[in-house]
Amino acid sequence: MKDRKWFFSVAVLESRGMNIAIGSLNYDIILQVERMPFEHEKLSALSRTESCGGSAANTAHWLALFGLPMRMYGAAGNDYYGGICIRRLEAVGIDCSGVQIVPGAQTRLYCVIVSPNSKRMVGSGNAHEMFDPGALSTE
């Protein structure tokens with residue numbers, strides 16, 4: 001692995017009729033609460049939503065829903081969350097051949113806690129740090 005880590009939100013480019021989204025691919029668990037819990041307090045969520053996320057994956061998804069041909073470039077672990085995100089992107093017609101599967105890495109997972117006045121996120125997983133931009137296709 002190269003010593004340089006690449007972090008970016010999203011880049012969308014057009015190349016030979018294909019729009020490409022480059023960036024993060026995450027899995028989000030979103031908990032809606034009436035207020036943020038106090039330290040060491042256990043609080044039940046009002047609702048829970050699970051979805052694929054990441055700014056690049058979200059952007060690719062929205063653009064594909066508008067009918068634009070999309071290819072996703074990013075990195076995911078060889079795990080449940082990476083697999084489900086790739087399948088969900090492919091289900092809306094996104095070409096995921098640019099998603100690098102990183103053995104031994106974990107797909108980035110976020111727990112997002114949302115109250116009427118605040119939002120907090122805690123992430124885990126390192127596959128996004130291992131994206132190799134040198135592997136971008138020039139086709």
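This report walks through the strands and nonpolar cores of a predicted model.

Let's start with strand S5 (70-77). S5 is mostly covered, with eight of its eight residues buried. Met70, Met72, Gly74 and Ala76 point one way from the strand, while Arg71, Tyr73, Ala75 and Gly77 point the other way. S5 pairs with strand S2 (residues 18-23) in the parallel sense, and asparagine 19 stands opposite methionine 70. S5 also runs parallel to S6, where valine 99 is found opposite glycine 74. Between S5 and S6 the chain passes through H2, giving a right-handed β-α-β crossover.

Elsewhere, four strands make an open sheet with mixed pairing, in the order S4-S3-S7-S8. Its edges are strand S4 (47-53) and strand S8 (118-124), each paired on one side only. From one strand to the next, the twist averages 20°. Within the antiparallel pair S3 and S4, tyrosine 27 has cysteine 52 as its bridge partner.

Here are the bridge counts for three strand pairs:

| Strand pair | Sense | Bridges |
|---|---|---|
| S2 and S5 | parallel | four |
| S5 and S6 | parallel | six |
| S3 and S4 | antiparallel | seven |

Now to the interior. The largest nonpolar core has 19 residues, and those with the most contacts inside it are Leu25, Met72, Leu89, Ile94, Cys96 and Val99. Strands S3, S5 and S6 and helices H1 and H2 each give two or more residues to this core. A second, separate core of nine residues includes Ile20, Ala75, Ala127 and Phe131. Back in the largest core, which residues does leucine 25 touch? Among them are Ala57, Met72, Cys85, Leu89 and Val99.

Technical notes: Residues are numbered from 1 along each chain as its sequence is written. This is a predicted model: local features need pLDDT of at least 70, side-chain atom pairs count only at pLDDT 80 or more; totals for chains, interfaces and linings use all residues. Side-chain values use heavy atoms; hydrogens and water are left out. A nonpolar core is a set of buried Ala, Val, Leu, Ile, Met, Phe, Trp, Tyr and Cys residues joined through side-chain atoms within 4.5 Å. Buried means under 20% relative accessible area, exposed over 50%, partly exposed in between (1.4 Å probe, protein chains only). Contact means heavy atoms within 4.5 Å. Two strands pair if DSSP finds at least two bridges between them. Axes are lines fitted to C-alpha atoms, for helices over the stretch in contact, and angles run from 0 to 180 degrees between N-to-C directions. A crossover is right-handed if, with the strands pointing away from the viewer, the path from the first strand over the helix to the second runs clockwise. Lists of a residue's contacts leave out its neighbours within four places in sequence.
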